[in-house]
Amino acid sequence: MPHPTNADDTYSYLGPAGTFTEAALAQVVDAAGKTWQPVNNVGQALDDVVSGRSTAAMIAIENSIEGGVSASQDALASIPNLRIIGEYLVPVNFVLVARPGTRLQDVRVVNAHPVAYAQCHLWLDATLPEHGHLPATSNVAAAASLLSDTTADAAIAPPGITDHYPLEVLAREIGDNPHAVTRFVLVSRTTRLPAPTGSDKTSVIVELPDDTAGRLLEMLEQFATRGVNMSLLASRPIGDALGRYRFVIDLDGHLHDERVADALLGLKRFSPNVTFLGSYPRADKLAITVTPRYDDRAFTAAREWLESLES
């Protein structure tokens with residue numbers, strides 16, 4: 001599909017059609033009825049946003065089984081002027097599909113993306129103990145290849161793949177963990193913050209000032225001393241030297257929450273490089289609760305007390 005001329009009506013996502021990323025994009029109310037642009041990788045999706053070809057891009061950021069998606073975290077750290085404006089959760093399970101007429105007992109070779117294959121190995125070992133694995137570049141590519149190549153007898157693919165390809169489902173819910181979930185984020189160039197909802201996240205990327213002993217503890221104290229909980233803390237190599245890392249952090253709360261704002265001020269004084277990725281509503285809609293000494297009134301009262309000392 002060619003790029004349309006109106007970027008405001010275009011959303012980029014990791015394609016082709018039928019991926020889990022497309023399922024995440026389907027949850028975006030503003031994307032309904034707009035043009036969805038499939039791309040080959042995270043970098044291309046974000047480049048569409050930076051260049052103005054798309055208004056936003058949907059990318060995977062974390063998986064409950066595999067952890068953080070390093071390609072997305074590194075891209076957000078290296079590409080400036082991007083903001084996360086929303087997050088979305090997609091349950092991750094898989095089906096085994098094959099060409100029409102194929103029986104489960106006839107399957108000898110399974111085409112699958114290595115990550116999907118690893119998440120289904122218990123079912124595969126129990127059901128098809130003598131099968132071989134043919135690696136694929138994506139979950140959808142594994143299924144699509146069955147129509148052009150007979151090397152594999154079946155493929156591991158996302159549910160709903162038969163809406164896009166004339167294949168038959170041989171088995172459903174073959175993933176080893178029925179509770180597996182991937183978290184996606186919608187990334188844009190907008191600098192307008194979504195309003196606080198009481199159930200929000202704030203994402204930042206932080207570098208330590210040096211490798212002196214205790215620096216990581218100093219960084220964590222910026223949050224602990226203000227009652228700010230972290231829901232994600234992941235380290236990624238900066239790449240300029242061995243032992244140099246940046247930290248991808250998700251905080252419970254919104255920039256407009258006094259405790260979060262105060263923590264970011266402390267973080268900025270401490271770190272030589274802080275990248276603010278945005279404050280946005282949590283996908284799980286769980287309310288953020290804090291003890292009274294860390295709520296907005298406590299910070300406001302402390303400032304009023306300090307001002308009263310001069311008067």
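# Exercises on a predicted model

The largest pocket has a volume of about 730 Å³. The model is predicted, so local features need pLDDT of at least 70 and side-chain atom pairs count only at pLDDT 80 or more, while totals for chains, interfaces and linings use all residues. Residues are numbered from 1 along each chain as its sequence is written, and side-chain values use heavy atoms, with hydrogens and water left out.

**Exercise 1.** State which residues lie nearest the centre of the largest pocket, and which elements line the largest pocket.

*Solution.* Begin with the term: on a 1 Å grid over the protein atoms alone, a pocket is an open set of points where a 1.4 Å probe fits, with protein on both sides within 12 Å along at least five of seven lines. Lining residues have an atom within 4 Å of a point. The volume is the space filled by probe spheres set on the points, which are joined across faces, edges and corners. Next, the lining: it has 30 residues, and Leu14, Ala60, His113, Val115 and Asn139 lie nearest the centre. Last, the elements giving two or more residues to this lining are α1 (20-25), β3 (56-63), β4 (67-68), α3, α4 (114-119), α6 (139-145) and β11 (181-188). Helices (H or I, at least four residues) and strands (E, at least two) are DSSP runs, numbered from the N terminus.

**Exercise 2.** Find the edge strands of the sheet with the order β8-β7-β9-β6-β10.

*Solution.* Two strands pair if DSSP finds at least two bridges between them. The sheet is open, has five strands and shows mixed pairing. Its edges are β8 (132-135) and β10 (168-171); each has a single partner strand, so one side of each is left without a neighbour in the sheet. Neighbouring strands are turned by 35° against each other on average, direction ignored. Axes here are lines fitted to C-alpha atoms, for helices over the stretch in contact, and angles run from 0 to 180 degrees between N-to-C directions. For one pair in detail, take β7 (residues 109-112) and β8, which are parallel over four bridges. Valine 110 has histidine 133 in β8 as its bridge partner.

**Exercise 3.** Describe the sheet with the order β13-β14-β12-β15 and the helices that lie on it.

*Solution.* This open sheet of four strands is antiparallel. At its edges, β13 (230-237) and β15 (273-281) each pair on one side only. The average turn between neighbouring strands is 15°, direction ignored. Helix α3 (residues 70-78) lies across β12, β13, β14 (245-252) and β15, at about 80° to β13. Helix α8 (residues 258-270) touches β12, β14 and β15, and its direction makes about 5° with that of β12. Contact means heavy atoms within 4.5 Å.

**Exercise 4.** Decide which residues of α7 are buried and what covers them.

*Solution.* Buried means under 20% relative accessible area, exposed over 50%, and partly exposed in between (1.4 Å probe, protein chains only). In α7 (residues 215-224), Met219, Gln222 and Phe223 are buried. They lie on the same side of α7 because they cover an arc of only 95° around the axis, the arc being that of the directions from the helix axis to the C-beta atoms. The face turned away from that side carries the exposed residues Leu217 and Ala224. The cover of the buried residues includes β12, β13, β14 and α8.

**Exercise 5.** Is threonine 19 buried or exposed?

*Solution.* Threonine 19 sits in the loop between β1 (10-14) and α1. Its relative accessible area is 11%, so threonine 19 is buried. Not counting residues up to four places away in sequence, threonine 19 touches Tyr13, Leu14 and Val140.
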